[in-house]
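Dear colleague,

I am passing on the structure below, and my notes on it follow directly after. Please read them with the model open beside you.

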Amino acid sequence: MLIRDAVTDDWPRIWPFWHRIVAAAETYAWDPDTDEQAARALWMSPAKRVYVAEDPAGTVVGSAYLTANYGGPAAHVANAGFMVDPARTGRGIGRALAEHVLAEAVRHGYRAMVFNAVVETNPAVRLWTSLGFTVLATIPEAFDHPRHGPVGLHVMHKPLV
Ligand SMILES: CC(C)(COP(=O)(O)OP(=O)(O)OC[C@H]1O[C@@H](n2cnc3c(N)ncnc32)[C@H](O)[C@@H]1OP(=O)(O)O)[C@@H](O)C(=O)NCCC(=O)NCCS
């Protein structure tokens with residue numbers, strides 16, 4: 001599997017799984033009805049570095065972004081987002097994307113990474129923890145999960161230096 005910088009033409013290949021993940025409303029605090037144009041503005045924003053994971057057949061199977069979580073004197077704290085095609089999860093793509101993005105964050109001079117809103121029921125919490133993130137705080141009952149009801153949102157942090 002290849003992980004590379006995304007190009008503009010990748011968006012139509014990201015959008016189908018982006019839509020599926022956000023419409024499911026289980027993992028991202030974004031409007032499940034986000035349309036394609038708004039989604040593109042959100043994910044492919046010029047403020048973000050965007051990456052894709054491509055399988056050997058050239059199919060885009062996941063994507064991630066890296067950006068500053070704050071500005072000015074706090075701009076050295078990164079934020080990132082990850083999506084793997086739900087048809088391709090559990091095969092190491094998310095972990096490979098995360099390792100790539102963490103290395104990129106270090107390369108670009110970030111000194112820490114923060115996730116602002118990790119749904120506490122998301123199996124990804126285990127992935128982030130295994131990569132060295134800790135839960136700094138949990139915003140109680142912040143997220144109305146379609147199956148679990150009101151659940152917490154973790155603020156997760158990893159120092160990069
Ligand atoms: C989270 C996500 C990026 C993980 O991608 P993935 O390709 O499935 O992850 P991997 O196969 O690399 O699994 C990595 C680890 O995550 C955990 N994990 C991921 N999905 C899991 C699941 N459905 N059930 C249990 N554990 C899971 C496992 O502990 C696994 O550990 P291992 O590497 O020791 O086997 C992907 O499931 C996804 O896009 N989910 C929807 C969007 C999302 O939640 N993004 C993150 C928001 S914080």
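In helix H3 (93-107), the residues Ile-93, Gly-94, Leu-97, Ala-98, Val-101, Leu-102 and Ala-105 are buried, where buried means that 20 or more other C-beta atoms, placed from the backbone, lie within 10 Å of a residue's own, exposed means 12 or fewer, and partly exposed is in between. Helices (H or I, at least four residues) and strands (E, at least two) are DSSP runs, numbered from the N terminus. This is a predicted model, in which local features need pLDDT of at least 70 and side-chain atom pairs count only at pLDDT 80 or more, while totals for chains, interfaces and linings use all residues. Residues are numbered from 1 along each chain as its sequence is written.

Seen down the axis of H3, the buried residues fall within an arc of 160 degrees (taken from the directions from the helix axis to the C-beta atoms), so they line one face of the helix. The face turned away from that buried side carries the exposed residues Ala-103 and Arg-107.

H3 also gives six residues, the largest share, to the largest nonpolar core, which has 27 residues; such a core is a set of buried Ala, Val, Leu, Ile, Met, Phe, Trp, Tyr and Cys residues joined through C-beta atoms within 7 Å. Among the residues with the most contacts inside this core is Ala-64, which, leaving aside neighbours within four places in sequence, is in contact (C-beta atoms, placed from the backbone, within 7 Å) with Tyr-51, Ala-80, Gly-81, Phe-82, Leu-97 and Val-101. A second, separate core of eight residues includes Phe-115, Val-118, Val-119 and Trp-128.

With best wishes

Note on methods: Contact = placed C-beta atoms within 7 Å.
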